[in-house]
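Me: Give me a close look at one part of this model. Go residue by residue where you can, then show how that part connects to its surroundings.

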Amino acid sequence: MSTEPTSAPTDVATPAAPEAAAPAAAPEAAPAAAPQREQRAPRQFNRGGQGGNRGPGGNRGPRRDNRDQKQEGDGPSMIEKVVFINRCAKVVKGGRRFSFAALAVVGDGKGRVGIGYGKANEVPDAIKKGTANAHKHLVTVKLKGDTIPHDVMGEYDGGRVMLKPASPGTGLIAGGGVRAVLEAAGVKNILTKSMGSSNHIAVVHATLNGLLQLRLAADITKIRATS
């Protein structure tokens, strides 16, 4: 009995078809650029019609200049000098109490001068009071250019001060309270000598007394003409 060969089963694994490539991922869209803000011009403020424009630093240039000019034009600048500060101590049961007195001289350098005296428990307050008192007692003295018209002797209490005119270039030959009064009055060339008490109040008032005695030649001529 012949047997026919049977065909072998064909179970050969066929290679799998390559999988279809996945579609490439689309590139992520770049974020939209933020819209740039429009550059605005700095605001300009105008208050009171004075042109108060704020600059880069925020300062009001024109307005500040106007204010400074106003302060300068308030009045002539005054020369203020402190001649002497006296300390007084009062002994009490708990210790000592101090008070201060300031002698001040004020002038405009053009023939007006005043003397003031102030007392307080603190030095700055005493100086402020003395200066304010000097402003209230301003007097006008007669000068001849940068010097005085003639010799004079000023007296007050125990103080005696001699004043002599000097040629240009001599300078202010004085010291202490005499120098303070003459500088405030505007004298630049003069010879002086204190011949009495060295008390500051007496010397200062004696100097002012001598300045008040000064007379110009025109004043004397006018008096003689009328008599």
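**The mixed sheet and its helices**

Reply: Start with one pair. Met153 has its bridge partner, Met162, in strand 6. This is a predicted model, so read what follows as a description of computed coordinates.

Met153 lies in strand 5, which spans residues 152-156. Strand 5 runs antiparallel to strand 6, with 5 bridges between them. The two form a hairpin, and 2 residues separate the strands. Look at Asp157 there: its phi is positive, near 55°.

Now move on to the next neighbour. Strand 6 (residues 159-165) is also joined to strand 8 (residues 190-194). That pairing is antiparallel too, and it has 5 bridges. Val161 faces Ser194 of strand 8 across it.

Strand 8 has another partner. Strand 7, residues 172-173, pairs with strand 8 in the parallel sense over 2 bridges. Here Ile173 stands opposite Leu191.

Put these pairings together. The 4 strands make an open sheet, ordered 5-6-8-7, with mixed pairing. Strand 5 and strand 7 are the edge strands, each pairing on one side only. Helix 4 packs on this sheet and touches strand 5, strand 6 and strand 8. The direction of helix 4 makes about 135° with that of strand 5.

What else does helix 4 meet? Its partner is helix 3. Two packed helices are described by the angle between their axes and the distance between the axes. For helix 3 (residues 176-185) and helix 4 (residues 200-212), the angle is about 40° and the axes are 8 Å apart. Helix 3 is therefore oblique to helix 4. The crossing of helix 3 past helix 4 is right-handed.

The contact can be listed by residue. Helix 3 contributes Gly177, Val178, Val181, Leu182 and Ala185. Helix 4 contributes Val203, Val204, Thr207 and Leu211. By class, 7 of the residues are nonpolar, 2 are polar and none is charged.

Helix 3 leads on to another sheet. Helix 3 lies across strand 1, strand 2 and strand 3, and runs at about 140° to strand 1. Those strands belong to an open sheet of 4 strands in the order 1-2-3-4, with antiparallel pairing. The edges are strand 1 (79-92) and strand 4 (139-140), each paired on one side only.

Strand 1 and strand 2 (residues 95-107) pair antiparallel over 13 bridges. They form a hairpin with 2 residues between the strands. Val92 has Gly95 of strand 2 as its bridge partner. Ile79 stands opposite Gly107 in strand 2. Helix 2 (residues 123-136) also packs on this sheet, where it touches strand 1, strand 2 and strand 3 (112-120). The direction of helix 2 makes about 145° with that of strand 3.

So helix 3 is what to follow from one sheet to the other: helix 3 meets helix 4, helix 4 packs on the mixed sheet, and helix 3 itself lies across strand 1, strand 2 and strand 3.

Last, check confidence. The protein has a mean pLDDT of 80, and 66% of its residues reach 70 or more. Two stretches stay under 50. One is residues 49-53, with 13 contacts beyond four places in sequence. The other is residues 64-74, for which the model has 2 such contacts. Where pLDDT is low, the predicted coordinates should not be read in detail.

Conventions:
Residues numbered from 1 in each chain as written. Predicted model: local features only at pLDDT ≥ 70, side-chain atom pairs only at ≥ 80, totals over all residues. Heavy atoms only, no water. pLDDT = per-residue confidence, 0-100. Contact = heavy atoms within 4.5 Å. Axes fitted to C-alpha atoms, helices over the stretch in contact; angles between N-to-C directions. Parallel < 35°, antiparallel > 145°, perpendicular 65-115°, else oblique. Left-handed = near helix turned anticlockwise from the far one by under 90°. Nonpolar A, V, L, I, M, F, W, Y, C, P; charged D, E, K, R; others polar. Pairing = 2+ DSSP bridges.
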